[in-house]
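Here's a quick tour of one chain, written for someone who likes to poke at coordinates. Have a look at the model, then read on.

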Amino acid sequence: GEMVSHLRDRDLFDETVFVLLSDHGESLTEHGIYYDHHGLYDESVRIPLVVRPPGGSQGRVTQHVQTIDIVPTITSYLDLSGIECDGIDLRPVIEDGESIDREFLMAEEAHTQRKRMVRSETAKLIYSLDEDTICRYCDVEHARPVELYNLESDPAEQTNVSADRPDRVDELRSTAEQKVREYEQQQSADGSERAEMAYDEE
């Protein structure tokens with residue numbers, strides 16, 4: 001493209017960090033969600049992330065990464081210090097194949113529904129944070145208030161096994177709630193306050 005040609009013409013191409021990603025996925029009728037990106041299923045929350053460091057690199061990372069890892073990764077490549085941010089610097093992972101010390105991922109949605117997700121390598125728990133489980137966008141209940149999926153046998157997240165594995169539900173929920181408490185304590189120590197969640201009338 002023009003940008004690449006521009007950088008090559010000025011001998012800047014191999015000194016540039018390229019980051020390509022999406023802000024969200026899209027549900028194309030999966031889970032009764034038609035051509036929109038709400039819901040905490042993989043169709044919406046699992047996105048592409050491509051990083052080309054200066055000089056180039058080849059390989060694929062299959063470990064858990066998140067969009068919050070982008071800023072610390074870029075600041076590492078730009079040798080910027082003193083910037084505090086969430087996330088993990090992926091430079092050692094990209095360049096040296098190091099492992100990421102992350103056992104699970106978390107996400108929340110608050111536009112059409114109030115739900116929280118915690119995902120490990122093998123399982124995903126989605127649970128409602130509101131009593132009202134009706135989707136504000138579709139005006140239907142897409143799923144029960146608690147959903148548990150075995151990602152090894154059911155990567156498409158079609159069979160809710162929460163009733164069969166209450167122990168796993170409790171384990172993952174406790175993990176998520178503990179992480180939220182730690183985050184809120186950190187915010188409090190930093191002098192920040194968590195805003196109350198409220199829907200805008202549409």
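## A turn after α3

Let's start just past α3, where D79 takes a positive phi of about 55 degrees. Keep in mind that this is a predicted model. Most residues other than glycine have a negative phi. D79 isn't a glycine, yet its phi is near 55 degrees. The residue belongs to the loop between α3 and α4.

Is D79 buried or exposed? With a relative accessible area of 66%, D79 is exposed, because the cut-off for that label is over 50%.

## The greasy spot next door

L80 is found in that loop too, the one linking α3 (70-77) to α4 (91-96). Its relative accessibility is 45%, so L80 counts as partly exposed.

L80 also helps build a nonpolar surface patch: together with L78 and I83, it makes up about 280 Å².

## α3 itself

How much of α3 is covered? Mostly, it is: six of its eight residues are buried. The buried ones are I70, P72, T73, T75, S76 and Y77. As for what sits over them, the cover includes β1 (18-21), β4 (49-52) and α4.

On the other side of the helix in sequence, D69 lies in the loop between β4 and α3. D69 counts as buried because its relative accessibility is 0%. Setting aside neighbours within four places in sequence, D69 is in contact with G87, I88, L90 and R102.

## D42 and E157

Over in helix α2 (residues 42-45) you'll find D42. Its relative accessible area is 12%, so D42 is buried. Not counting residues up to four places away in sequence, D42 touches R119, K124 and E157. How far is D42 from E15? The two are 27 residues apart in sequence, and C-alpha to C-alpha they're 34 Å apart in space.

E157, one of the residues touched by D42, is worth a stop of its own. E157 has a positive phi of about 55 degrees although it is not a glycine. Its place is in the loop between β8 (146-150) and α5 (166-189). With a relative accessible area of 1%, E157 is buried, whereas D79, at 66%, is exposed.

## Zooming out

Now for the whole chain. The secondary structure comes to five helices and eight strands, and reading along the sequence gives the pattern α-β-β-β-α-β-α-α-β-β-β-β-α. The C-alpha trace spans about 55 × 40 × 40 Å along its principal axes. If you take the contacts between residues at least 6 apart in sequence, 51% join residues at least 24 apart.

On the surface side, the chain exposes about 13,200 Å², with carbon and sulfur atoms supplying 46% of that area. Buried residues make up 31% of the 202 residues. As for charge, the chain has 20 positive and 46 negative charges, and the mean positions of the two sets are 3 Å apart.

Note on methods: Residues are numbered from 1 along each chain as its sequence is written. This is a predicted model: local features need pLDDT of at least 70, side-chain atom pairs count only at pLDDT 80 or more; totals for chains, interfaces and linings use all residues. Side-chain values use heavy atoms; hydrogens and water are left out. Patches are made of residues with over 30% relative accessible area and no salt bridge: like charges are joined within 9 Å, nonpolar side chains (Val, Leu, Ile, Met, Phe, Trp, Tyr) within 5 Å. Accessible areas come from the Shrake-Rupley method with a 1.4 Å probe; for residues, only the protein chains shown count as cover. A salt bridge is a side-chain nitrogen of Lys or Arg within 4 Å of a carboxyl oxygen of Asp or Glu. Helices (H or I, at least four residues) and strands (E, at least two) are DSSP runs, numbered from the N terminus. Buried means under 20% relative accessible area, exposed over 50%, partly exposed in between (1.4 Å probe, protein chains only). Contact means heavy atoms within 4.5 Å. Lys and Arg count as positive and Asp and Glu as negative; His and the chain ends are not counted. The place of a charge is taken as NZ of Lys, CZ of Arg, CG of Asp or CD of Glu.
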